[in-house]
Amino acid sequence: MSKERLDKLISSQSMMTRSEASKLIRSGNVKVNGEVIKNTSAKADTESDTIEVCGEILNYKKHIYIMLNKPAGIVSASRDNNEKTVVDLVPESLKRPGLFPAGRLDKDTTGFVLITDDGEFAHDILSPKHHIDKTYLASTDVLIDEKYLDSMRNGMILGDEQLLEAEIDLIENEDSPVYKIILREGKYHQIKRMIGSTNAVLTSLRRIRMGNLDLDESLASGECREITEDEMKLIK
Ligand code: URA
């Protein structure tokens, strides 16, 4: 990477404004390669320079990828005037400008939401062209009749839309059925509408996997953590 102004570079990694970053620089709280830099227009190279802010090494990342275990009742948006959003749940330590959910879950759906500031990556994983599987657990009040399961597996027609083939398997017992459903596309309320067209009623929906990356079940509802580089490879 080419050199970048320190104030811009520091503010891109947190919710600190550029003028707050400049203030930190002027007050002697920023070091580059061990040397205090007070000149706010100084530049640094994120690959070859060691940048310290308030005594802590800045671990520069061009983009961030966050896994959230979304609770029910939270909207999948960056901002909302009335409702709490998935981005509101990101802790300060992971926050930075431009975060958004790469793919939405309905307000009442729980589970894996990926939050990032990388538009290109989000476009890639959401595009049906790339066929990134999204895996859900859907609970229903009664067993879904076999004829509907077959139609989902073969690519059902919903209204005037032809859906791609979905995988659907019963994974829990007949008294409280739970189906594992794997979709390769993400149409509006897709699973709700698919199950809505059967004899059964959907009682809860949870996303547990994106690509080959499982939701970290050690995350409590509402908790987030950064996705590692190795884990990122499992998504695509
Ligand atoms: N399908 C739905 O109906 N809702 C979701 O949140 C995700 C998939």
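Me: Is F121 buried or exposed, and what is its relative accessible area?
Reply: Happy to start there, keeping in mind that this is a predicted model. Buried means under 20% relative accessible area. F121 falls under that cut-off, so it counts as buried, with a relative accessible area of 7%.

Me: Which residue forms an aromatic pair with F121, and at what angle between the planes?
Reply: A search of the whole structure turns up one aromatic pair. Its partners are F121 and Y65, with 5.2 Å from centre to centre. Planes over 60 degrees apart count as edge-to-face. The pair is edge-to-face, and the answer is Y65, at 70°.

Me: How many residues apart in sequence are the parts that this pair ties together?
Reply: Y65 is itself buried, at a relative accessible area of 17%. Y65 belongs to strand 7 (residues 65-70) and F121 to helix 3 (residues 119-126), so the pair links parts whose separation in sequence is 56 residues.

Me: Between which domains does the largest nonpolar core lie?
Reply: This core has 32 residues, and I66, I115, I181, I191 and M194 touch the most other members. Among the elements giving two or more residues to it are strand 7, strand 9 (110-116), strand 14 (178-183) and helix 5 (190-196). Two domains both contribute residues, so the core lies between domain 2 (65-127 + 216-235) and domain 3 (134-210).

Me: How many residues are in the second, separate core that includes F121?
Reply: Good one to ask, since F121 came up earlier. M67, A122 and I132 are also included in this second core, which is separate and has 16 residues.

Me: Which residue has a polar side-chain atom 2.9 Å from an oxygen atom of the ligand?
Reply: The residues surrounding the ligand include L105, D106, Y136, I191 and K192. Backbone polar atoms also come into play: that of H189 is 3.3 Å from a ligand oxygen atom, and that of Q190 is 3.4 Å from a ligand oxygen atom. The side-chain contact at 2.9 Å belongs to T109.

Me: What is the relative accessible area of L137?
Reply: L137 sits in strand 10, and its contacts include I171, V178, Y179, L205 and I208. Buried means under 20% and exposed over 50%. L137 falls in between, so it is partly exposed, at 22%.

Me: How far apart in space are L137 and H63, C-alpha to C-alpha?
Reply: Along the sequence, L137 and H63 are 74 residues apart. In space, their C-alpha to C-alpha distance is 30 Å.

Methods. Residues are numbered from 1 along each chain as its sequence is written. This is a predicted model: local features need pLDDT of at least 70, side-chain atom pairs count only at pLDDT 80 or more; totals for chains, interfaces and linings use all residues. Side-chain values use heavy atoms; hydrogens and water are left out. Rings of Phe, Tyr and Trp (its six-membered ring) pair if their centres lie within 6.5 Å; planes under 30 degrees apart count as stacked, over 60 as edge-to-face and the rest as tilted. Helices (H or I, at least four residues) and strands (E, at least two) are DSSP runs, numbered from the N terminus. Buried means under 20% relative accessible area, exposed over 50%, partly exposed in between (1.4 Å probe, protein chains only). A nonpolar core is a set of buried Ala, Val, Leu, Ile, Met, Phe, Trp, Tyr and Cys residues joined through side-chain atoms within 4.5 Å. Domain bounds come from an automatic or database domain assignment. A residue is near a molecule or strand if one of its heavy atoms lies within 4 Å of it. A polar contact is a pair of N or O atoms within 3.5 Å; within protein, one must be able to donate a hydrogen and the other to accept it, and residues adjacent in sequence count only if both atoms are side-chain atoms. Contact means heavy atoms within 4.5 Å. Lists of a residue's contacts leave out its neighbours within four places in sequence.
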